[in-house]
Amino acid sequence: HSQVPIVGSVLYCNLAFAFEHTGIYVGDEMVVHLNGDGIVEKVTLQDFTARLEGNNPSRSIFCATDINGKSIGSKVVADKALDMIGSYRKYNLVMDNCHCFTYYCLTGRKTNIGSFNMIQKVLKQRFGLINWRAINFKKTK
């Protein structure tokens, strides 16, 4: 049962080596995320999955939902993400990464240590129990 994200939903896709890549859905099949060059950019859902120079095995994007399967998100979160477009961070895959950007959008607090677990913890505090559901989008290639 696939989901349609709402504005401000947290999305993730899997990366190689059991890492995840997170970003904020801002509507019109677009996601704002921190790319591997340390630049916050707005990209299509397809480009969101195209991590690691195209060597990312991910073909699915997952959306945070409540326990009833309803997408969760906030326009305030999306607005924070949109305001950050074009900004730069000294990117590091383990430390200063996409999760730090997503965490900032969710909380308004900056951190230089980011993990997918941290994002899940914030979502749980804010929305209660959460699930991750695959979303429908047009896959290319």
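# A guided tour of the predicted model

Begin with the largest nonpolar core, which has 28 residues. Select Val10, Ile24, Phe101, Leu106, Leu123 and Trp132, the residues with the most contacts inside this core. Then colour the elements that each supply at least two residues of this core: strands E1 (10–14), E2, E3 (30–34), E5 (62–66) and E6 (130–134), together with helices H2, H3 and H4 (116–127). Helix H3 gives the most to this core, with six residues. In soluble globular proteins, nonpolar side chains tend to be buried together. The model under inspection is a predicted one.

**The whole chain**

Next, display the protein chain as a cartoon; four helices and six strands will appear. Followed from the N terminus, the elements run β-β-β-β-α-β-α-α-α-β. Of the 141 residues of the chain, 50% count as buried.

**Helix H4**

Select isoleucine 119, which is placed in helix H4. Is isoleucine 119 buried or exposed? Its relative accessibility is 0%, so isoleucine 119 counts as buried. Now add leucine 106, one of the core residues with the most contacts. Isoleucine 119 and leucine 106 are 13 residues apart in sequence, and their C-alpha atoms are 8.4 Å apart in space.

Move to methionine 118, also in helix H4. Methionine 118 counts as buried because its relative accessibility, 19%, falls under the 20% cut-off. A distance drawn from the C-alpha atom of methionine 118 to that of threonine 102 should read 9.9 Å, for two residues 16 apart along the chain.

**The cavities**

Switch on a cavity display. Two cavities of 30 Å³ or more are counted. The largest cavity holds about 50 Å³ of space. To outline the largest cavity, select Leu15, Phe19, Glu20, His21, Tyr91, Leu93, Asn97, Cys98 and His99. Which elements each supply at least two residues of this lining? They are strand E2 (20–27) and helix H3 (98–107). Coloured by class, the lining of the largest cavity shows five nonpolar residues, three polar and one charged.

The second largest cavity has a volume of about 40 Å³. Its lining consists of Gly8, Ser9, Val10, Ile72, Gly73, Ser74, Val77, Leu106, Leu123 and Phe127. Val10, Leu106 and Leu123 will be familiar from the opening selection, as they are among the residues with the most contacts in the core. By class, this lining has six nonpolar and four polar residues, and no charged ones.

**The salt bridges**

Two salt bridges are present in the structure. For one of them, select lysine 75 and aspartate 79, whose side chains meet with an N to O distance of 3.0 Å. Lysine 75 and aspartate 79 are four residues apart in helix H2 (residues 75–83), so about one helical turn separates them. Lysine 75 counts as exposed because its relative accessibility is 56%. Aspartate 79, at 30% relative accessibility, counts as partly exposed.

Next, select aspartate 96 and arginine 89. These two residues form a salt bridge in which the closest N and O atoms are 2.6 Å apart. Are aspartate 96 and arginine 89 buried or exposed? Both are buried.

**Threonine 49 in helix H1**

Select threonine 49, found in helix H1 (residues 45–49). With a relative accessibility of 8%, threonine 49 counts as buried. Show the backbone of glutamine 46 as well: the side chain of threonine 49 reaches the backbone oxygen of glutamine 46 at 2.8 Å.

**The loop between E2 and E3**

End the tour at two residues with positive phi. Aspartate 28 is found in the loop between E2 and E3, and its phi is near 55 degrees, a positive value in a residue other than glycine. Aspartate 28 counts as exposed because its relative accessibility is 75%.

Glutamate 29 also lies in the loop between E2 and E3. Here phi is near 60 degrees, again a positive value in a residue other than glycine. How does the accessibility of glutamate 29 count? At 34%, glutamate 29 counts as partly exposed, since partly exposed covers values between the 20% and 50% cut-offs.

Methods: Residues are numbered from 1 along each chain as its sequence is written. This is a predicted model: local features need pLDDT of at least 70, side-chain atom pairs count only at pLDDT 80 or more; totals for chains, interfaces and linings use all residues. Side-chain values use heavy atoms; hydrogens and water are left out. On a 1 Å grid over the protein atoms alone, a cavity is a set of points where a 1.4 Å probe fits but cannot get out, and a pocket is an open set with protein on both sides within 12 Å along at least five of seven lines; lining residues have an atom within 4 Å of a point. Grid points are joined across faces, edges and corners, and a volume is the space filled by probe spheres set on the points. Ala, Val, Leu, Ile, Met, Phe, Trp, Tyr, Cys and Pro count as nonpolar, Asp, Glu, Lys and Arg as charged, and the others, Gly among them, as polar. Buried means under 20% relative accessible area, exposed over 50%, partly exposed in between (1.4 Å probe, protein chains only). A polar contact is a pair of N or O atoms within 3.5 Å; within protein, one must be able to donate a hydrogen and the other to accept it, and residues adjacent in sequence count only if both atoms are side-chain atoms. A salt bridge is a side-chain nitrogen of Lys or Arg within 4 Å of a carboxyl oxygen of Asp or Glu. A nonpolar core is a set of buried Ala, Val, Leu, Ile, Met, Phe, Trp, Tyr and Cys residues joined through side-chain atoms within 4.5 Å.
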